[in-house]
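Okay, let's get going. I'll put the sequence and the structure up, and then we'll walk through the fold piece by piece.

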Amino acid sequence: MSSFHRAEFHGALLNRLPSSCGTFPSKRLESYTQRPGEAIMLRFQDGSTATCDILLGADGVKSAVRKTMFHEAASWAESQHRNADAAELRNLSEPHLSGFFCYRALVPAEKLSSISPQHRALTSGVQVSYSLLRVSDTVFYHILYSTKARI
């Protein structure tokens, strides 16, 4: 198992793209249109548009990429008279509460050590709840607690 911060993941993707690739890190995607044999048309919330050959959806829990992809698949299912499938696909386009909550914190290793020198995250290595994480030049312990929600 290897873990890293989401911002580091985005940075790794963006920093390794060739200069011929365009990126839009300061834009918020609203939707896209994909037609066979054509470039993908991107529509941003500020009203601007762009095209691309490949769209990588790393846009988080409220993903416009996921929403558009599932709505497009639902429209296709409807055209095939598969209305139950279409309804399920539209349902998948929005995030839903799973019944689980996660509490997460990034704690610098030095701070954790100064507060709790005997903390098990410092002595036990990588566990389900704790993992070592490097963000740039700082070492963190990634602490994750999850619990079943009461609904």
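So, in what order do the elements of the chain run from the N terminus on? Reading along, you get α-β-β-β-α-α-β-α-α-β-β. That makes 5 helices and 6 strands in the chain. Before anyone asks: this is a predicted model, so keep that in mind throughout.

A couple of global numbers. There are 151 residues in the chain, and 23% of them are buried. As for contacts, take the ones between residues at least 6 apart in sequence: 44% of those join residues at least 24 apart.

Now the sheet. We have an open sheet of 3 strands here, order 1-2-3, and the pairing is antiparallel. The edge positions go to strand 1, residues 29-33, and strand 3, residues 49-52; each has a single partner strand, so one side of each has no neighbour in the sheet. On average, neighbouring strands in this sheet are turned by 25° against each other, if you ignore direction.

Let's zoom in on the first pair. Strand 1 and strand 2, which is residues 40-44, run antiparallel and are joined by 4 bridges. One pairing to look at is Tyr 32, whose bridge partner in strand 2 is Leu 42. The hairpin of these two strands has 6 residues between them, and in it Gly 37 takes a positive phi near 80°. And although strand 1 is at an edge of the sheet, it's mostly covered, with 4 of its 5 residues buried.

What is the largest nonpolar core made of? It has 9 residues: Leu 29, Tyr 32, Ile 40, Leu 42, Phe 44, Ala 50, Cys 52, Ala 64 and Val 65. At least two residues each come from strand 1, strand 2, strand 3 and helix 2, which is 64-79. Strand 2 gives the largest share, with 3 residues.

Phe 44 is a nice one to click on. Leaving out its neighbours within four places in sequence, Phe 44 is in contact with Phe 24, Lys 27, Arg 28, Leu 29, Glu 30, Thr 49 and Ala 50. There's also a second, separate core of 5 residues, including Ala 74, Ala 77, Ala 86 and Leu 89.

On to helix 2. Quick sanity check on geometry: with 16 residues at 1.5 Å a residue, helix 2 should span 22 Å, and its end C-alpha atoms are indeed 22 Å apart, so the two agree. At its N-terminal end, Ser 63 acts as the cap, with a side-chain oxygen 3.2 Å from the backbone nitrogen of Val 65.

Which residues of helix 2 are buried? Those are Ala 64, Val 65, Thr 68, Phe 70, Ala 74 and Ala 77. What they pack against is strand 1 and helix 3, residues 83-92.

Last stop, the other end of that helix. Just after helix 2 comes His 81, in the loop between helix 2 and helix 3. His 81 has a positive phi of about 60°, even though it is not a glycine. Is His 81 buried or exposed? With a relative accessible area of 69%, and exposed meaning over 50%, His 81 counts as exposed.

Okay, that's the tour; over to you for questions.

Definitions and conventions
Residues numbered from 1 in each chain as written. Predicted model: local features only at pLDDT ≥ 70, side-chain atom pairs only at ≥ 80, totals over all residues. Heavy atoms only, no water. Pairing = 2+ DSSP bridges. Axes fitted to C-alpha atoms, helices over the stretch in contact; angles between N-to-C directions. Core = buried A, V, L, I, M, F, W, Y, C linked by side-chain atoms within 4.5 Å. Buried < 20%, exposed > 50% of the residue type's maximum accessible area, 1.4 Å probe, protein only. Contact = heavy atoms within 4.5 Å. Expected span 1.5 Å × (residues − 1). Polar contact = N/O pair within 3.5 Å; in protein donor to acceptor, adjacent residues only side chain to side chain.
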